[in-house]
Amino acid sequence: MKQLVVIATLILFSSCDYFKKPQEPEAIARVGSHYLYNEDIVNLVPKETSSEDSIAIVKAFIDRWATQKLLVNAAEFNLSEEKVNEFNELINQYKTDLYTKAYLEELVKRKIDTTVSETQIEEYYEKNKQYFRNGDELVKLRYINLVKENPKFDKIKEKFSSFTTEDKKELTDMAIQFKSYAFNDSVWVDINQVYEKLPFINIDNKQQYVADGINYQYPDSTTIWLVKVKEVLPKDSPTPLQFIKPTIKQVIINSRKLELVKTIEKEITDDAIKEKKFEVFK
């Protein structure tokens, strides 16, 4: 009997911690029945912030939290029941949209095929090229910008003008001498990129410096620009496939995403019907 008493006493003392109430989180502010807790502001203040700034940041956060809660309480009390119900419906719909969008995006990310072949791009372009028009001029050109005192200027100018395969290679090898350059004159670029890369050209003087086949040099205060414009495509012309390829690829992928979303939604609904989780009462 004495042994049983000892065991019971040990059980009583060892179980004291079990029957203790869980420690309540420490509140730092209250508005009505709403509480703001220490854990809500744990990551609010950036590291290495001074004490004075930390206090100001926390105070501003608490004041804003309180103001928002008070305004919501006042709105719920003063707005009509019809208006409150309307807002609650919007909140519920937003929650539904947020969850379903995030879930569908995750499923699509796992299943989508993002490989788009050149043939698929070309086929899409041929079917829809009447819809692709330049918003601005497109230009094919090459240029070099180098200091005026460059001792090899005449040689560079000659090779830039003839621009054979060998010339291009030699110029590329010499490129460390140039302030800037671009040699790929088989690629279309937007006129706005030309304004950015060749700052002496602007919308007012572009007719002088951006025209089919012109070859010129332009001196500024310390440098000389060598420019060769191969071709200019006017605004509102059919956009070349080469220029529009990235856009077409993205359009094709987006179209696949929409189809995949429809398929996923149908599969989810069909599975729910089979498993008797969804039914329509007649």
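In helix H6, Asp 154 and Glu 158 are exposed (over 50% relative accessible area, 1.4 Å probe, protein chains only), helices being DSSP runs of H or I with at least four residues and strands runs of E with at least two, numbered from the N terminus. The model is predicted, with local features requiring pLDDT of at least 70 and side-chain atom pairs pLDDT 80 or more, whereas totals for chains, interfaces and linings use all residues. Residues are numbered from 1 along each chain as its sequence is written, and side-chain values use heavy atoms, without hydrogens and water.

On the other side of H6 (residues 153-162) from these two, Phe 153, Ile 156, Lys 159 and Phe 160 are buried (under 20% relative accessible area). These buried residues line one face of the helix, because they fall within an arc of 135° when seen down its axis, the arc being taken over directions from the axis to the C-beta atoms. They pack against strand S3 (138-147), helix H7 (165-173), strand S6 (215-219) and strand S7 (223-233), with contact defined as heavy atoms within 4.5 Å. Just after H6, Phe 163 adopts a positive phi of about 55°.

The largest nonpolar core (buried Ala, Val, Leu, Ile, Met, Phe, Trp, Tyr and Cys residues joined through side-chain atoms within 4.5 Å) comprises 16 residues, and Leu 198, Phe 200, Ile 201 and Val 227 have the most contacts inside it. At least two residues of this core come from each of S3, helix H8 (191-197) and S7; S7 gives the most, with four residues. Another core, of 13 residues, lies apart from it and includes Ile 144, Ile 156, Phe 183 and Ile 224.
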